[in-house]
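Student: I would like a close look at a single part of this model. Please take one helix and follow it through to its surroundings.

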Amino acid sequence: MSDLLERLRGRGWRMTAQRRVVAEVLDGDHVHLTADEVHARAADKLPEISRATVYNTLGELVTLGEILEVSTDRRAKRYDPNAHRPHQHLVCARCGAIRDVHPTGNPLSSLPDSERFGFTVEDVEVTYRGVCPNCASA
């Protein structure tokens, strides 16, 4: 489970009702919601929350490094609260479902020097694609 709320409290982040509900909506495992999904779920808990407040809060959380902005395809950006746990993503090519995965090994070492073109590689983002069990059985 994500510890987003605890991390934000530990930072002394001013926890307004709107910010709290956005953080609550994002908290959990395998959470990869679009901004519109965050807004809809937040509005269920706090009907007066505006779309602009949700977008601004998401932007601030990304800037703080407390959530990740994930773009795995041409679909809407998604927001991942597991910013402090290194992981990759497994994406269903049909429905777009996303799961966090934790492969073993160092992906940096799989790129040979001859393919680095002089770059100093600092990070790797890997997206595994396939078909989820729900789509496979449909």
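Student: What covers the buried residues of α4?

Tutor: The model is a predicted one. The cover over the buried residues of α4 includes α1 (4–10), α2 (17–26), α3 (35–45) and β3. The residues of α4 that are buried are Val54, Thr57, Leu58 and Leu61. Viewed down the helix axis, these buried residues fall within an arc of 100°, so they line one face of α4. On the face turned away from that buried side, α4 carries the exposed residues Asn56 and Thr63.

The length of the helix can be checked as well. Helix α4 covers residues 51–64, and its 14 residues should span 20 Å at 1.5 Å a residue; the end C-alpha atoms are 20 Å apart, which agrees. Just after α4 comes Gly65, with a positive phi of about 80°.

Gly65 also leads to another part of the chain. Leaving aside neighbours within four places in sequence, Ala83 is in contact with Gly65, and also with Arg7, Glu66, Ile67 and Leu68. Ala83 lies in the loop between β3 (78–80) and β4 (88–92), and β3 is among the elements that cover the buried residues of α4. Ala83 itself is partly exposed, at a relative accessible area of 21%. Asp3 is 80 residues from Ala83 in sequence, yet their C-alpha atoms are 9.9 Å apart in space.

Notes: Residues numbered from 1 in each chain as written. Predicted model: local features only at pLDDT ≥ 70, side-chain atom pairs only at ≥ 80, totals over all residues. Heavy atoms only, no water. Helix = DSSP H or I, 4+ residues; strand = E, 2+ residues; numbered from the N terminus. Buried < 20%, exposed > 50% of the residue type's maximum accessible area, 1.4 Å probe, protein only. Contact = heavy atoms within 4.5 Å. Expected span 1.5 Å × (residues − 1). Arc of directions from axis to C-beta.
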